[in-house]
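The following exchange examines how descriptive terms are assigned to a protein model. Each reply sets a value against its definition.

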Amino acid sequence: MRSTPFCRPRCRRLLFAALALASSPVFAQSTDDTLSPALDRFSIWLGAYYADTSTTLGAGLNRYDVSGHLNLQHDLGFPSHQVVPRVRFDFLLGTSQGFSFDYYQIDQSRTKTLGTSIYFDGNTYDAAASATGRVNFDFGSAAYKWWFGHQSDVFGIGVGAAYYRVHAGISGEASLNGQIIGNASTYTTDSAWAPELQLGWRHAFTNNLRMYVNASGVKKNGSHLGGHIWDAAAGVEWFPWQNIGFGAEYDYTRIKIDQQHHYYSDDLALRMNGPTVFVRLRF
């Protein structure tokens with residue numbers, strides 16, 4: 001199955017447009033050189049997302065009313081909670097504009113075996129079937145942000161591009177008296193760039209204690225690959241030392257990916273929500 005190139009011309013045009021906007025008079029830097037206590041010139045977030053997940057895979061034939069869905073947690077016994085590593089990186093150009101980067105990965109797999117016995121014509125036959133599910137999802141984003149305000153409260157808006165790659169599949173086999181009598185598999189894999197919009201609010205109680213609210217959305221339209229990713233988070237930061245601190249937030253994420261093929265279509269629906277803890281470095 002053909003994958004989308006790592007960076008399409010559309011992505012390049014989007015990044016160039018963001019840089020052009022950053023240099024326009026509308027978004028010019030404020031003459032006030034005071035940095036808000038709610039912002040850092042350079043910061044790194046290293047965290048672990050304890051996500052309550054629900055993953056549903058679907059597939060259907062385009063010309064016939066034949067379709068099916070499988071929930072990995074309910075049907076295959078996937079764990080509903082998973083620790084997902086997450087990395088963020090932010091830096092300012094001046095006092096109110098800068099770049100923001102985010103990355104996380106989800107990797108789930110599990111095999112479930114069902115066994116039963118069949119009695120026929122005086123003989124007992126041992127039958128078994130196994131099914132294996134696998135989901136691997138990578139998400140990364142890069143955005144240019146503008147922050148408005150230089151006091152304890154700042155509001156931000158960011159535009160950029162998000163990259164996502166998804167691989168999901170189901171495979172299974174059936175056996176009778178230890179002999180494999182049939183197997184089948186289906187999978188989907190692809191990657192794409194999509195435009196992203198970010199919104200944010202940050203408040204500093206003191207220079208060492210802050211809170212924030214973030215929201216972002218990614219929308220991908222296309223005849224072959226489409227979908228959306230929505231994310232919202234609210235959190236607090238505490239810095240017992242000048243350059244090292246801790247953060248905690250609650251995240252709510254929804255991911256929906258659809259793919260159209262010549263004879264069939266498939267989709268992935270992923271829900272995640274739960275707390276994230278970070279080690280924070282700022283300079």
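The questions below move from confidence and architecture to the core, the salt bridges and the surface.

Q: What makes the confidence of this model uneven?
A: This is a predicted model, in which local features need pLDDT of at least 70 and side-chain atom pairs count only at pLDDT 80 or more, while totals for chains, interfaces and linings use all residues. Residues are numbered from 1 along each chain as its sequence is written, and side-chain values use heavy atoms, with hydrogens and water left out. The pLDDT is the predictor's confidence in each residue, from 0 to 100. Its mean over the protein is 80, and 75% of the residues reach 70 or more. Among the elements, helix α1 (residues 9-22) has the lowest mean, 45, and strand β8 (residues 209-220) the highest, 94. Over residues 1-32 the pLDDT is below 50, although this stretch has 46 contacts in the model beyond near neighbours in sequence; a contact means heavy atoms within 4.5 Å.

Q: How many helices and strands does the protein have, and in what pattern do they follow along the sequence?
A: Helices (H or I, at least four residues) and strands (E, at least two) are DSSP runs, numbered from the N terminus. By that criterion there are two helices and 11 strands. Their order along the sequence is α-β-β-α-β-β-β-β-β-β-β-β-β. Of contacts between residues at least 6 apart in sequence, 67% join residues at least 24 apart.

Q: Why is Ser43 called buried or exposed?
A: Buried means under 20% relative accessible area, exposed over 50%, and partly exposed in between, with a 1.4 Å probe and protein chains only. Ser43 has a relative accessibility of 4% and therefore counts as buried. Ser43 is found in strand β1. Leaving aside residues up to four places away in sequence, Ser43 touches Arg88, Phe89, Asp90, Arg280, Leu281 and Arg282. Of the 283 residues of the protein, 41% count as buried.

Q: Which class does Phe155 fall into, and why?
A: The relative accessibility of Phe155 is 48%, so Phe155 counts as partly exposed. Phe155 belongs to strand β6. Its contacts, not counting residues up to four places away in sequence, are Trp146, Trp147, Phe148, Gly200 and Trp201. Phe155 and Arg202 are 47 residues apart in sequence, yet 6.6 Å apart in space, C-alpha to C-alpha.

Q: What makes a group of residues a nonpolar core, and which residues touch the most other members of the largest one?
A: A nonpolar core is a set of buried Ala, Val, Leu, Ile, Met, Phe, Trp, Tyr and Cys residues joined through side-chain atoms within 4.5 Å. The largest has 25 residues, of which Tyr104, Phe137, Phe139 and Tyr164 touch the most other members. Strands β1, β4, β5, β6, β7, β10 and β11 each supply at least two residues of this core, and the largest share, four residues, comes from β6. Apart from this core lies another, of six residues, among them Leu39, Trp147, Val154 and Ala204.

Q: How do you know that Asp40 and Arg280 form a salt bridge?
A: A salt bridge is a side-chain nitrogen of Lys or Arg within 4 Å of a carboxyl oxygen of Asp or Glu. The N to O distance between Arg280 and Asp40 is 3.2 Å, and their side chains meet in a salt bridge. The pair links distant parts of the chain, with Arg280 in strand β11 and Asp40 in the loop between α1 and β1, 240 residues apart. Arg280 counts as buried because its relative accessibility is 0%. Asp40 is likewise buried, at 15%.

Q: Which other salt bridges does the structure hold, among them that of Arg86?
A: The structure holds 12 salt bridges. One of them joins Arg86 and Asp251, whose closest N and O atoms are 3.6 Å apart. Arg86 lies in strand β3 and Asp251 in strand β10, so this pair ties together parts that are 165 residues apart in sequence. Both Arg86 and Asp251 are buried. Another joins Asp40 and Arg282, at 3.8 Å from N to O. Asp40, Arg202, Arg210, Glu237, Arg280 and Arg282 are linked in a network of salt bridges.
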